[in-house]
Amino acid sequence: MYRIELSGCITALVILLLLFFLVKELWWLIVGIAIICIVVYYLNLIYQYITNNKTETDKTYTPKMGEVYKVCPYCNAKVRVTATTCPVCNRALN
């Protein structure tokens, strides 16, 4: 995924602001780029939060009472029956 850093957006906004004072017809372009930078920044934060949250829930699996689970032979972590690799140590479960 291509990431746009906030500092790059600020630099682009400053350059476009200078162009705005020179031409005075580019206000819509400045607003559009500012909105795009803000949206991309927050979408990136949401994406990172979702992926980090998913990996944390996979690593901290606690089976419900009466549920069948596997035990990783390498790190002794409780793993779902359908898992092919251990989410904690990333080794194959055979």
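In what pattern do the secondary-structure elements of the protein follow one another when read along the sequence? In this predicted model, the order is α-α-β-β, and the secondary structure amounts to two helices and two strands. Of the 94 residues of the protein, 15% are classed as buried. The protein exposes about 7,700 Å², of which 65% is supplied by carbon and sulfur atoms. When contacts in the protein are restricted to those between residues at least 6 apart in sequence, 14% of them join residues at least 24 apart.

The largest nonpolar core contains six residues, namely Cys72, Ala77, Val79, Ala83, Cys86 and Leu93. Leu93, a member of this core, is in contact with Lys70, Cys72, Pro73, Val79, Ala83, Thr84, Thr85 and Cys86 once its neighbours within four places in sequence are set aside. Another member of the core, Cys86, has a relative accessibility of 0% and is therefore counted as buried.

The cysteines were examined for disulfides, and the count comes to zero. For Cys75, the closest cysteine sulfur is that of Cys86, and because the separation of 3.6 Å is too far for a bond, whereas a disulfide requires sulfur atoms within 2.5 Å, the two residues are not joined in this way. Seen from the other side, Cys86 likewise takes part in no disulfide, its nearest cysteine sulfur being that of Cys75 at 3.6 Å. The surroundings of the two residues can also be described by accessibility: Cys75, at 32% relative accessibility, is partly exposed, while Cys86, at 0%, is buried.

Strand β2 includes Lys78, a residue that counts as partly exposed with a relative accessibility of 43%. With neighbours within four places in sequence left aside, the contacts of Lys78 are with Tyr61, Pro63, Tyr69 and Lys70. For one of these partners, Tyr61, the C-alpha atom is separated from that of Lys78 by 6.6 Å, although the two residues are 17 residues apart along the chain. Lys70, also among the contacts of Lys78, appears in addition among the contacts of Leu93.

Aromatic rings were considered next, and the structure holds one aromatic pair. This pair is formed by Tyr41 and Tyr42, whose ring centres are 5.2 Å apart and whose planes make an angle of 75°, an arrangement classed as edge-to-face. Tyr41 has a relative accessible area of 32% and is partly exposed, and Tyr42, with a value of 48%, is also partly exposed. A further aromatic residue, Tyr74, is involved in an arrangement with a charged side chain, in that the charged end of Arg91 sits over the ring of Tyr74 at 4.6 Å from the ring centre.

With regard to backbone geometry, Asn76 has a positive phi, near 60°, in a residue other than glycine. Asn76 is located in the loop that lies between β1 (70-71) and β2 (78-79), and its relative accessible area of 60% places it in the exposed class. A positive phi of about 60° is also found at Asn90, which is not a glycine. Asn90 belongs to the segment after β2 and, with a relative accessible area of 62%, is exposed.

Notes. Residues numbered from 1 in each chain as written. Predicted model: local features only at pLDDT ≥ 70, side-chain atom pairs only at ≥ 80, totals over all residues. Heavy atoms only, no water. Buried < 20%, exposed > 50% of the residue type's maximum accessible area, 1.4 Å probe, protein only. Phe/Tyr/Trp six-rings, centres within 6.5 Å; stacked < 30°, edge-to-face > 60°. Lys NZ or Arg CZ within 6 Å of the ring centre and 35° of its normal. Helix = DSSP H or I, 4+ residues; strand = E, 2+ residues; numbered from the N terminus. Contact = heavy atoms within 4.5 Å. Areas by Shrake-Rupley, 256 points an atom, 1.4 Å probe, with all protein chains shown as cover. Core = buried A, V, L, I, M, F, W, Y, C linked by side-chain atoms within 4.5 Å.
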